[in-house]
Each structure stands twice: as structure tokens, then as C-alpha cells.
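Q: I've got a model open and would like to learn how to read it feature by feature. Could you walk me through it?

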Amino acid sequence: MIKLWQVALWWLWIIASLAYGQERGQEIVTLPTRTNVNQSYFLARVPQSPQAVAILFPGSGGLIQLRNEKGQVKFSTGNFLVRSRAEFVNRSVVTAIIDAPSDQQGGWGMTDEFRLSEAHFTDMSAVVEELQRRFPQLPLFLVGTSRGTVSAASLGARLDQRVTGVVLTSTMFRPTPTNAKEPGPGLSRFDFATISIPLLFVHHLNDQCEMTLYSEAARHSGKYPLLTVFGGAPPKSGPCDAFSAHGYFARESETVEQLVNWML
């Protein structure tokens, strides 16, 4: 039988672990946003003199399974932006990695239609407000990759002057077929001119994903700045997955460095 002192010690260990995580500048933040819906994100602070805040939108359905296990923060780390979070922090950028909200945790996560919806705008307005409360003097950027660019672009147009700029990496210029595992329109019908704040496109020259071909990014380069990424390592995933040119495989550090240079 478990004794009271054992229970007390267990709770002290949990509290100490959580406090340790917060001292290291990492925590899970959960906000009530809509009726019976919560929006969570992983927050990684900068130890000294932060220069900006970046809200990161992972690709696919944005489902990173953010959770606490035995006092430790856990989540899926394969996505380009997620696995590159330390590259942002090391360059003085506070990062907030968005998970799918509580009502979008089933299936493959957030669809394109949800990312373009009023519900998503409501959720992310609460996140922006919370981050601005925590870091009132810092510029705030929306950064999306692959399907996460649907969120970053649509929210950038609607949040307007509440955020400083938008960065779209491996942009979903083309729709995904209806018979695909993750169908959706992407940004094929989106008017980038509706984003009135500074906008940067980031794209790998050798991105072979049919929905995110480099030629589409180059077509917009006369109107918007384009950061072109070269090189890297041979792919270890499919062309639309994270460990290929689509996910800046073996070029993460250099990509984030130039991206942050633009932000700052």
C-alpha cells in the first residue's frame, strides 16, 4: 500500500521537475480559447536579452502531441521548425511551437480548411495576446513550414499590425489531391497581397514536393524577398517530408540563421 509520505515525495518530485523545466526556459502553455477547447504551445525562452518572438507552425496537421510525462515536456520533434527550435533560441528569438488545439487532435490534425477558419483565428489570437503580455516590447513573427504556411499566411493577413512579419518556408502553393492522405487547397487560392506586414519566402532550390515546388516561390520573388537555400544531405524521407530538401535537411542551421537575420 502506498503511504502518504510516498505520495508527498512523488508530488514534490513532479513540482521540482516542472520548476526545473521553467528555470531552463521551457514550458507548456495551455490557454482556453473556445467553448470546451484549449490551445497549447511549447514555449522556449531566451536566457538573456531576447530580440524577438517567433510563433512556429509545423507542417502536416500540426499535431506534435505536446504533453508532460513524469515532469518532462515531450513532443514530436521531426518537423523542420520543431527540430530547429534551438537554432532560433541561440539567435535570441523566443519560440512558441503550436500544437493542434484540443478539438483537432484526432486523425492527422488540422486540415487546411481549419487553418483558414475563424476557429483557428480565435485560438491564435489568444496565443498572440498571451505572448505579447509576456514579452510586450518584442517584435512577434509568424513562421510556418509546408502545411504550416497555410496558418502563417492566413493569420498574417488577419492579425495585421498585431504581428511584425510573416515567414513562409516550403510554402504550400498548390493543392493536395482529394485522394491523398492529407488533402486540401493549401494556399492555391490565397492572395498574398492581403498580408500588409513584411513577408519573407524561404525555399530550397531542390524541393521536389509537388505542392511546394521552388518555381512557385521564384514566381513571387519580384514582389517579395526570397531566401533560396542550396545543398544539404541526401534525403532520408519522401520529397514532401521533413528529412529532405523540403525540410532543409542538413541545412537547418544556415536556413534559420538567414531567416532570423531578416527578422532582426
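A: Start with burial: a residue is buried under 20% relative accessible area, exposed over 50%, and partly exposed in between, using a 1.4 Å probe and protein chains only. At 44% relative accessibility, Q65 counts as partly exposed. Before going on, note that this is a predicted model, where local features need pLDDT of at least 70 and side-chain atom pairs count only at pLDDT 80 or more, while totals for chains, interfaces and linings use all residues. Residues are numbered from 1 along each chain as its sequence is written, and side-chain values use heavy atoms, with hydrogens and water left out.

Q: Where does Q65 lie, and which residues does Q65 touch?

A: Helices (H or I, at least four residues) and strands (E, at least two) are DSSP runs, numbered from the N terminus. Q65 lies in the loop between β3 and β4 (67-69). A contact means heavy atoms within 4.5 Å. Not counting residues up to four places away in sequence, Q65 touches K74, F75, S76 and D99.

Q: How do I get a feel for the whole chain?

A: Begin with the element list: eight helices and 10 strands. Then try the radius of gyration, taken over C-alpha atoms; the globule rule is 2.2 Å times the number of residues to the power 0.38. With 264 residues, a compact globule would have a value near 18 Å, and the chain has 19 Å, which agrees. Along the principal axes, the C-alpha atoms fill a box of roughly 65 × 45 × 40 Å. Buried residues make up 50% of the 264 in the chain. As for contacts between residues at least 6 apart in sequence, 72% join residues at least 24 apart.

Q: How much surface does the chain expose?

A: Accessible areas come from the Shrake-Rupley method with a 1.4 Å probe, and for residues only the protein chains shown count as cover. The chain exposes about 12500 Å², with carbon and sulfur atoms supplying 53% of it.

Q: What should I look for in a pair of strands?

A: Two strands pair if DSSP finds at least two bridges between them. Here β1 (residues 26-34) and β2 (residues 37-44) run antiparallel, joined by eight bridges. To see the register, find Q26, which stands opposite A44 in β2. The two strands form a hairpin with two residues between them.

Q: What about backbone angles in a turn like that?

A: Most residues other than glycine have a negative phi, and most peptide bonds are trans. N36, in the loop between β1 and β2, has a positive phi of about 60 degrees although it is not a glycine. At 78% relative accessibility, N36 counts as exposed.

Q: Is S170 buried or exposed?

A: S170 is buried, at 0% relative accessibility. This residue is found in the loop between β8 and β9, and its phi is near 50 degrees, a positive value in a residue other than glycine.

Q: How do I check a helix?

A: Compare its length with the expected span, which is 1.5 Å times one less than its number of residues. For the 12 residues of α6 (residues 148-159) that gives 16 Å, and the end C-alpha atoms are 16 Å apart, which agrees. Next, look at how α6 is covered: 10 of its 12 residues are buried, among them G148, V150, L155 and L159. The buried residues pack against β3 (52-57), α4 (112-115), α5 (118-134), β7 (140-145) and β8 (165-169). Just after α6, D160 takes a positive phi of about 50 degrees.

Q: Which residues does V256 contact?

A: V256 lies in helix α8 (residues 252-263) and is buried, with a relative accessible area of 0%. Leaving aside neighbours within four places in sequence, V256 is in contact with F80, S84, E87, F88 and R91.

Q: How many disulfides does the structure hold?

A: A disulfide is a pair of cysteine sulfur atoms within 2.5 Å. The structure holds one, formed by C209 and C240 with their sulfur atoms 2.1 Å apart. C209 lies in the loop between β9 (199-204) and α7 (214-219) and C240 in the loop between β10 (226-229) and α8, so the pair ties together parts that are 31 residues apart in sequence. The link is right-handed, with 95 degrees about the S-S bond. C209 is buried, with a relative accessible area of 2%, whereas C240 counts as partly exposed at 33%.
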